[in-house]
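Here's a quick walk through a single chain, from its overall layout down to a few individual residues. Have a look at the structure first, then read on.

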Amino acid sequence: MLLLKPFLIYLAAGFAEIAGCFAVWLWLKEGRSAWLLVPGLVSLIVFALLLTRIESDSAGRAYAAYGGIYITASLIWMRVVEGRTPDKWELLGALICLGGASMILLAPRGT
């Protein structure tokens, strides 16, 4: 239960960041409407607000742990939104990154 709340916050932040960046991708790489930048910008604001909900004494530590979750969220996005299945190396890499994120979040800290 200790990791559930930050994991869910990080996962939501990851999808918000990916959605915002994907809007720019669609506009620049696929020639879609520039109007996609409006919800994309809102999504990036939500991403930033969500990251502030992480309990941490350091923004850098919160962002470092987020990295592992972001990689996992990106692979989920790739599968669900883009319809491409991650390969075994991408999945293994995500597991390694989740382990690193867990270590960053759960490591005992001296005062």
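## The annotated spans

Take residues 7–28 to begin with: the span is 100% helix and 0% strand, and its end C-alpha atoms sit 31 Å apart. Keep in mind that this is a predicted model. Further along, residues 63–80 are also 100% helix with 0% strand, and here the distance between the end C-alpha atoms is 25 Å.

Both stretches appear in the UniProt record, an unreviewed entry, under the annotation "transmembrane region", which covers residues 7–28, 34–51, 63–80 and 92–108.

## Overall layout

So what does the secondary structure of the chain come to? The tally is 4 helices and 0 strands, and reading along the sequence gives you the pattern α-α-α-α. The C-alpha trace spans about 50 × 35 × 20 Å along its principal axes.

As for how the chain meets itself, take the contacts between residues at least 6 apart in sequence: 68% of them join residues at least 24 apart.

## Surface and charge

Of the chain's 111 residues, 28% count as buried. The accessible surface adds up to about 7,400 Å², and carbon and sulfur atoms account for 69% of that.

On the charge side, there are 9 positive and 7 negative side chains. The centres of those two sets lie 2 Å apart.

## A closer look at P6

P6 belongs to helix α1, which runs over residues 4–30. Is this proline buried or exposed? P6 has a relative accessible area of 18%, and because the cut-off for buried is under 20%, P6 counts as buried.

Who does P6 touch, once you leave aside neighbours within four places in sequence? The contacts are I54 and L105. For a sense of distance, P6 and A23 are 17 residues apart in sequence, and their C-alpha atoms are 26 Å apart in space.

## The cysteines

How many disulfides does the structure hold? The count is 0. Why doesn't C21 bond to C97? The closest cysteine sulfur to that of C21 is the one in C97, and it's 18 Å away, so the two are too far apart for a bond. A disulfide would need the sulfur atoms within 2.5 Å.

Seen from the other side, C97 has C21 as its closest cysteine sulfur, again at 18 Å and too far for a bond. As for exposure, C21 is partly exposed, with a relative accessible area of 38%. C97 also counts as partly exposed, at 26% relative accessibility.

Technical notes. Residues are numbered from 1 along each chain as its sequence is written. This is a predicted model: local features need pLDDT of at least 70, side-chain atom pairs count only at pLDDT 80 or more; totals for chains, interfaces and linings use all residues. Side-chain values use heavy atoms; hydrogens and water are left out. Buried means under 20% relative accessible area, exposed over 50%, partly exposed in between (1.4 Å probe, protein chains only). UniProt positions are given in the numbering used here, feature names are shortened, and annotations may be inferred rather than shown by experiment. Helices (H or I, at least four residues) and strands (E, at least two) are DSSP runs, numbered from the N terminus. Contact means heavy atoms within 4.5 Å. Accessible areas come from the Shrake-Rupley method with a 1.4 Å probe; for residues, only the protein chains shown count as cover. Lys and Arg count as positive and Asp and Glu as negative; His and the chain ends are not counted. The place of a charge is taken as NZ of Lys, CZ of Arg, CG of Asp or CD of Glu.
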